[in-house]
Amino acid sequence: MEAQSTSEPLLTRKRRREGSNQENDEGERLVKIPRCTVGLKHPAPFADELEADGKPYERVNMEQAKRGTPPDRPVRVYADGIFDVFHSGHARALMQAKCLFPNTHLIVGVCSDDLTHTYKGFTVMNEDERYDAIRHCRYVDEVVRNAPWTLTPEFLTRHRIDFVAHDDIPYSSAGSDDVYKHIKDAGMFAPTQRTEGISTSDIITRIVRDYDVYVRRNLQRGYTAKELNVSFINEKKYHLQERVDKVKRKVRDVEEKSKEFVQKVEEKSIDLIQKWEEKSREFIGNFLQMFGPEGALKHMLKEGKGRMLQAISPRQSPNSSPTREERSPSPTFRLPFFNKASPPPSPPPHHSGARGYLISEDDDEDDEN
């Protein structure tokens, strides 16, 4: 019941509607369910380990089962199979059987090795392994060991089975076109859907197709050639192939690393070239600013040459001397230690322009008068 209530929302789909006057949304979305922890802590029990039910057995019909039964009277659904290499296709089939009715008790029958090898073929897992795999499926409530290949009325009555769940495809075996034909005629058949793309035969086909790969894999994991039923020559061949593959992987790794290294060198070289070009442009520009035709050095030389010429060339004397009237009166300047009684000595030649020893022309005229 707990697994039923948990798994039902996963199969429900809800159609969204924008409004009464708008068209229905064609897309469908899964209904979100609250987080919960399913309290399954123990595997399903075997049928021969359960206590016998003393209540009288009265089978329910399809209408009653769909409408719902009391909690103490669940609908007992039976599903059988080989369940070799238990996979998701098996689990989905059992989930569908569990979800057929609101209150379902799922009984799963697993055929024995002898019966399976007789009617279907050799199995990968033995019967004990297959029993244990089914016991630990969350949808299973009860497991029947050594289940019959064809269901008899006695078997159905002993296990109080109301319905038998299986896919609707006719299952021809044991000289019958459909081993479930009498169940369908009795109105006890509840069809389920097969999961496409996954089956025990498909898994075995993958292993057979990639046989060498899996043999080498198990040899690497420590299995011996005897355990894998591999001859001495094939064992050496697989070891040689493994060494060759290792060398190939190393070469591939070296190639990838070398490509990465070359790519990094190219990126760095491009960056260096770009930086060198920028520095070279900057250097050429600075050189031209300094040493070009209109550079700073040329202007500096011109200015220095002009200053040198100006410094070494004599000053030009005026063409005509101004007259007395045109000249402004010179200020009178007398040295403190000279007076009229003792005239100062005459200035030395070629130093008539020396400061502090010149007497203005007005003073000379006064002395003459």
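**Rings, cores and a buried serine in a predicted model**

K184 sits over the face of F189, 5.0 Å from the ring centre. This placement, like everything that follows, comes from a predicted model. A second charge of this kind is found at F46, where R145 lies over the ring face at 3.8 Å from the ring centre.

As for the overall picture, the protein has 369 residues, of which buried residues make up 26%. Its secondary structure consists of 12 helices and seven strands. Among contacts between residues at least 6 apart in sequence, 68% join residues at least 24 apart.

The aromatic rings offer a good way into the fold. The count of aromatic pairs comes to six. One of them is formed by F101 and F163, a tilted pair with 5.2 Å from centre to centre and 35° between the planes. F101 lies in the loop between helix 3 (88–98) and strand 4, while F163 belongs to strand 6 (residues 163–167), so this pair ties together parts that are 62 residues apart in sequence. Both F101 and F163 are buried. Y180 and F189 form a pair as well: their ring centres are 6.1 Å apart and their planes stand at 50°, so this pair is also classed as tilted. Y180 and F189 are both buried, and F189 is the ring that has K184 over its face.

Turning to the nonpolar interior, the largest core holds 25 residues, and L94, L106, V108, I134 and V140 are the members that touch the most others in it. Strand 3 (75–81), helix 3, strand 4, helix 5 (127–135) and strand 6 each give two or more residues to this core. V108 shows what such a position looks like from the inside. Leaving out residues up to four places away in sequence, V108 touches Y78, A79, F83, L94, I134, V140, E142, V143 and V144. There is also a second, separate core, made of 15 residues, and among its members are Y78, F155, I161 and V164. Y78 is thus a member of the second core and a contact of V108.

A polar residue merits a closer look too. S112 is located in the loop between strand 4 (104–110) and helix 4 (113–119). Is S112 buried or exposed? With a relative accessibility of 8%, S112 counts as buried. Its side chain makes a polar contact of 3.2 Å with the side chain of N146. Apart from neighbours within four places in sequence, the residues in contact with S112 are E127, R130, Y131 and N146.

Cysteines come next. A disulfide is a covalent bond between the sulfur atoms of two cysteines. How many disulfides are counted in this model? The count comes to zero. C99 is nevertheless buried, at a relative accessible area of 17%, and C111 is buried as well, at 4%. Both values can be placed against the cut-off for burial, which is under 20% relative accessible area.

Finally, K236 gives a contrast in setting. K236 is placed in helix 10 (residues 232–291) and is partly exposed, with a relative accessible area of 44%. That value falls between the limits of 20% and 50%, which is why K236 is neither buried nor exposed by this scheme. The C-alpha atoms of K236 and A225 are separated by 9.8 Å, and the two residues are 11 residues apart along the chain.

Key:
Residues are numbered from 1 along each chain as its sequence is written. This is a predicted model: local features need pLDDT of at least 70, side-chain atom pairs count only at pLDDT 80 or more; totals for chains, interfaces and linings use all residues. Side-chain values use heavy atoms; hydrogens and water are left out. A disulfide is a pair of cysteine sulfur atoms within 2.5 Å. Buried means under 20% relative accessible area, exposed over 50%, partly exposed in between (1.4 Å probe, protein chains only). Helices (H or I, at least four residues) and strands (E, at least two) are DSSP runs, numbered from the N terminus. A polar contact is a pair of N or O atoms within 3.5 Å; within protein, one must be able to donate a hydrogen and the other to accept it, and residues adjacent in sequence count only if both atoms are side-chain atoms. Contact means heavy atoms within 4.5 Å. Rings of Phe, Tyr and Trp (its six-membered ring) pair if their centres lie within 6.5 Å; planes under 30 degrees apart count as stacked, over 60 as edge-to-face and the rest as tilted. A charge sits over a ring if NZ of Lys or CZ of Arg is within 6 Å of the ring centre and within 35 degrees of the ring normal. A nonpolar core is a set of buried Ala, Val, Leu, Ile, Met, Phe, Trp, Tyr and Cys residues joined through side-chain atoms within 4.5 Å.
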